[in-house]
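Student: I should like a close look at a single part of this structure. Please take the open sheet and describe its strands and what surrounds them.

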Amino acid sequence: MAPTHRFFDHTGDYGVDLEGDDLEEVFEALTHAFLDLLTGAPESVVVSEERAVGVRGMDEVDLLVNFGNELLFLFEMGFLAAGLVVEEVLEEGDDLTLAGRLRGEPFDPERHPIARPMKAVTHHQASLVEGATSARARLVFDL
């Protein structure tokens, strides 16, 4: 199964259900969902460069929320991510670390519409369920 996302309305905010074969694909689905929610036109982003990304979290759910907020930070710094290659998710002491490469391009307001400005990816109702052959997560975006 390819990583997928489905949006749902949430009081004053917006939520997303993410699904993939494993945790790494859930991170990929979050990258696509973030771009889709933010721009409403994910096809407007052309992959022209890669950027290393590293994020820490206390557990898998915290790691997802922190990764979503890293995508927002990178956008605010002028980069739109259209894809992710997860290199590894490691346990480091009591924390987890995700290392990977984001693929995308610099934000261009002439070509990239902003459909829904975001403030943050929140811990509210954040969840992750990993099975033997799939992983599902739910996140809420503060708009």
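Tutor: The following account treats the sheet, the helices on it and one residue within it. This is a predicted model, in which local features need pLDDT of at least 70, side-chain atom pairs count only at pLDDT 80 or more, and totals for chains, interfaces and linings use all residues. Residues are numbered from 1 along each chain as its sequence is written, and side-chain values use heavy atoms, without hydrogens and water.

Four strands form an open sheet in the order E1-E2-E7-E6, with antiparallel pairing; strands (E, at least two residues) and helices (H or I, at least four) are DSSP runs numbered from the N terminus, and two strands pair if DSSP finds at least two bridges between them. Strand E1 (4–10) and strand E6 (120–130) each have a single partner strand, so one side of each is left without a neighbour in the sheet. Neighbouring strands are turned by 15° against each other on average, direction ignored; axes are lines fitted to C-alpha atoms, for helices over the stretch in contact, and angles run from 0 to 180 degrees between N-to-C directions. E6 and strand E7 (residues 135–142) pair in the antiparallel sense over seven bridges.

Helix H1 (residues 23–39) lies across E1, strand E2 (13–20), E6 and E7, at about 145° to E2. Helix H2 (residues 60–76) lies across E6 and E7, at about 140° to E6.

Within strand E7 is Val140. Val140 is buried, with a relative accessible area of 0% (buried means under 20%, exposed over 50%, partly exposed in between, with a 1.4 Å probe and protein chains only). Residues that Val140 touches, not counting those up to four places away in sequence, include His10, Tyr14 and Val121; contact means heavy atoms within 4.5 Å.
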